[in-house]
Amino acid sequence: MASTNDLKNGLVLKIDGQLWSVVNFQHVKPGKGGAFVRTTLKNVLSGKTVDKTFNAGVKVETANVDRREMTYLYDDGTDFVFMEQDTYDQVQVSRGVVGDAADYMLENSNVVIARHEGEPLYVELPASVELHVQHTDPGVQGDRSTGGTKPASLETGAEIQVPLFLNTGDKVKVDPRDGRYLGRVNTK
């Protein structure tokens with residue numbers, strides 16, 4: 001149990017038997033009446049986001065979430081296989097838990113896996129990943145009807161929008177949360 005004064009981003013709460021992660025919180029002290037805490041919570045399993053208000057000082061139940069850095073090994077067709085770096089134990093995580101992160105994971109890359117009571121909750125990638133462009137059409141000078149971007153497929157199979165000057169084989173930096181192009185990586 002924790003007080004609403006102990007809330008912080010990333011803390012996982014157990015509310016009505018479900019796990020909710022604190023995305024944002026704000027302590028509010030109005031001129032009249034008691035203080036309260038306004039929060040934005042994200043359901044760990046479904047990804048649904050809700051706003052919830054707690055009175056200041058109220059006790060909330062926290063969940064014990066174990067976050068460990070692991071190495072992604074391979075996709076066995078039904079699950080993704082990860083390895084704990086200190087014990088070399090292999091952990092299988094279902095496609096539903098990995099979700100969209102699968103579009104940006106390369107074999108032997110490090111990710112963070114959050115587990116609650118031994119059950120994987122979600123896979124967290126770094127803020128940016130570097131991937132090669134597998135295929136993209138050449139950019140045509142004067143073609144600005146699409147706002148200066150074109151589709152490109154990455155080595156993981158993900159499709160993103162990239163600037164016209166990029167070519168097949170270039171290495172790019174991508175934000176795995178939304179698939180946004182962040183820049184070109186010099187490979188020299």
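Two strands count as paired if DSSP finds at least two bridges between them. Helices (H or I, at least four residues) and strands (E, at least two) are themselves DSSP runs, numbered from the N terminus. Keep that handy while you click around.

A word on what is on screen: this is a predicted model, where local features need pLDDT of at least 70, side-chain atom pairs count only at pLDDT 80 or more, and totals for chains, interfaces and linings use all residues. Residues are numbered from 1 along each chain as its sequence is written, and side-chain values use heavy atoms, with hydrogens and water left out.

**Stop 1: colour the domains**

Select 11-55, 65-124 and 129-184 and give each a colour: these are domain 1, domain 2 and domain 3. The bounds come from an automatic or database domain assignment. Taken over C-alpha atoms, the centres of domain 1 and domain 3 are 37 Å apart.

**Stop 2: the start of the chain**

Go to Ser3, which sits in strand S1 (residues 2-3). Is Ser3 buried or exposed? Its relative accessibility is 10%, so Ser3 counts as buried; the cut-offs are under 20% relative accessible area for buried, over 50% for exposed, and partly exposed in between (1.4 Å probe, protein chains only). Now show what touches Ser3, using contact in the sense of heavy atoms within 4.5 Å. Leaving aside neighbours within four places in sequence, you'll find Gly57, Val58 and Lys59.

**Stop 3: strands S2, S3 and S4**

Select 12-15, which is strand S2; 4 bridges join S2 to S3 in an antiparallel run. Ile15 stands opposite Gln18 of S3. The hairpin of S2 and S3 has 2 residues between the strands, and there Asp16 takes a positive phi near 55 degrees.

Carry on to S3 and S4, an antiparallel pair with 8 bridges. For one of the rungs, pick His27, whose bridge partner in S4 is Val37.

The loop between strand S3 (18-28) and strand S4 (36-43) holds Ala35. With a relative accessible area of 29%, Ala35 is partly exposed. Setting aside neighbours within four places in sequence, its contacts are Val28, Lys29, Pro30, Asn55 and Ala56. Try a distance from here: Lys48 is 13 residues from Ala35 in sequence, yet 27 Å away in space, C-alpha to C-alpha.

**Stop 4: the sheet of S7 to S11**

Next, select 67-121. UniProt lists these residues, in an unreviewed entry, as "domain: Translation elongation factor P/YeiP central"; UniProt positions are given in the numbering used here, feature names are shortened, and annotations may be inferred rather than shown by experiment. Over this stretch the chain is 7% helix and 55% strand, and the end C-alpha atoms are 10 Å apart.

Turn on the cartoon and trace the order S9-S8-S7-S10-S11: these 5 strands form an open sheet with antiparallel pairing. S9 and strand S11 (119-124) are at the edges with a single partner strand each, so one side of each has no neighbour in the sheet. From one strand to the next, the twist averages 45 degrees, with axes as lines fitted to C-alpha atoms (for helices over the stretch in contact) and angles running from 0 to 180 degrees between N-to-C directions. Zoom in on S7 and S10, antiparallel and joined by 7 bridges; Arg68 has Ile113 of S10 as its bridge partner.

**Stop 5: the sheet of S12 to S16**

Now follow S14-S13-S12-S15-S16, 5 strands in an open, antiparallel sheet. Strand S14 (159-163) and strand S16 (180-185) are the edges, each with a single partner strand, so one side of each is left without a neighbour in the sheet. Here the twist averages 55 degrees from one strand to the next. S15 (residues 171-175) runs antiparallel to S16, with 5 bridges, and Val174 has Tyr181 of S16 as its bridge partner.

**Stop 6: the nonpolar cores**

A nonpolar core is a set of buried Ala, Val, Leu, Ile, Met, Phe, Trp, Tyr and Cys residues joined through side-chain atoms within 4.5 Å. The largest has 26 residues, and those with the most contacts inside it are Phe82, Val98, Tyr104, Met105, Val123 and Leu154. S12 gives the most to this core, with 3 residues. Where does this core lie? Domain 2 and domain 3 both give residues to it, so it lies between them.

Finish on Leu154: apart from neighbours within four places in sequence, its contacts include Tyr104, Leu131, Ile160 and Val172. Then hop to a second, separate core of 10 residues, with Ile15, Trp20, Val22 and Val37 among them.
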